[in-house]
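Okay, everyone, thanks for coming. Let me put the structure up on the screen and then talk you through it.

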Amino acid sequence: MIKKGTKLYSIFTGACPKCHQESMYEHKNPYVLSEVLKIHESCSHCHTKYRIEPSFFYGSMYVSYAVGIAFAVAAFVISYLFLGTSLVTSFIAIIITLVVFGPIIMRLSRNIWINMFLHYDKSLVK
Ligand SMILES: [Zn+2]
């Protein structure tokens, strides 16, 4: 397991990047599609504001490009190299992967983006 206090913990769980005490998201399940990007205004433990500035999370689109490529490459390697499918089938596998993992990719990108600016602070944990 990834321990609290590391960036990876906050990135993979969506926990508050400063105290790691609660989730930033209103719904834990990313597949509740209407709620996938709804985050709390601020952390109820350390009162960190998640939207550091207006439209802060637009920047996570840069990250989501990289994360999307990582998922696409993984889908290609698994289908083309391991399962030995044709190029067309691998291409379809990439599209299906990106659609199915879309909500996870969106959240991962947001978590990575906010963790680039906010850092874990042990003194905030009570
Ligand atoms: Zn917090």
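I'll go from the overall layout to the metal site, and then to one of the helices.

So, first thing to keep in mind: this is a predicted model. The protein has 126 residues, and 37% of them count as buried. In secondary structure we've got 4 helices and 0 strands, so if you read along the sequence the pattern is just α-α-α-α. The C-alpha atoms fill a box of roughly 55 × 30 × 25 Å along the principal axes. As for the surface, about 7,900 Å² is accessible, and carbon and sulfur atoms make up 69% of that. One more number on the fold: take the contacts with a separation of 6 or more, and 58% of them come from residues 24 or more positions apart.

Now, the metal. Which residues are the protein donors of the zinc ion? They're Cys-16, Cys-19, Cys-43 and Cys-46, each through its SG atom, at 2.2 to 2.3 Å from the zinc. The site is tetrahedral, with angles of 106 to 113 degrees among the 4 donor atoms. Along the chain, the donors follow the spacing C-x2-C-x23-C-x2-C. Look at Cys-19 and Cys-46 in particular: that pair links distant parts of the chain, 27 residues apart, with both cysteines in the loop between helix 1 (7-13) and helix 2 (60-82).

Are those two buried or exposed? Cys-19 is buried, with a relative accessible area of 0%. Cys-46 has 13% relative accessibility, and the cut-off for buried is under 20%, so Cys-46 counts as buried too.

Okay, on to helix 2. This one has 23 residues and reaches 31 Å from its first C-alpha to its last, close to the 33 Å expected at 1.5 Å a residue. Its buried residues are Ser-60, Val-63, Val-67, Gly-68, Ala-72, Ala-75 and Ser-79. Why would a helix have spacings like that? An α-helix has 3.6 residues a turn, so residues three or four places apart point the same way. And what do the buried residues of helix 2 pack against? That would be helix 3 (87-100) and helix 4 (102-117).

For contrast, take Ala-70, also in helix 2. At 47% relative accessibility, Ala-70 counts as partly exposed. Its C-alpha is separated by 14 Å from that of Phe-91, which is 21 residues away along the chain.

Last stop: after helix 2 comes Gly-84, with a positive phi, near 70 degrees.

Terms used: Residues are numbered from 1 along each chain as its sequence is written. This is a predicted model: local features need pLDDT of at least 70, side-chain atom pairs count only at pLDDT 80 or more; totals for chains, interfaces and linings use all residues. Side-chain values use heavy atoms; hydrogens and water are left out. Donors are N, O and S atoms within 2.8 Å of the metal (3.2 Å for Na, K and Ca); water is not among the atoms, so sites may look incomplete. Four donors count as tetrahedral if all angles lie between 85 and 135 degrees; four count as square planar and six as octahedral if opposite donors are over 155 degrees apart and all others between 65 and 115; anything else is irregular. Helices (H or I, at least four residues) and strands (E, at least two) are DSSP runs, numbered from the N terminus. Buried means under 20% relative accessible area, exposed over 50%, partly exposed in between (1.4 Å probe, protein chains only). The expected span of a helix is 1.5 Å times one less than its number of residues. Contact means heavy atoms within 4.5 Å. Accessible areas come from the Shrake-Rupley method with a 1.4 Å probe; for residues, only the protein chains shown count as cover.
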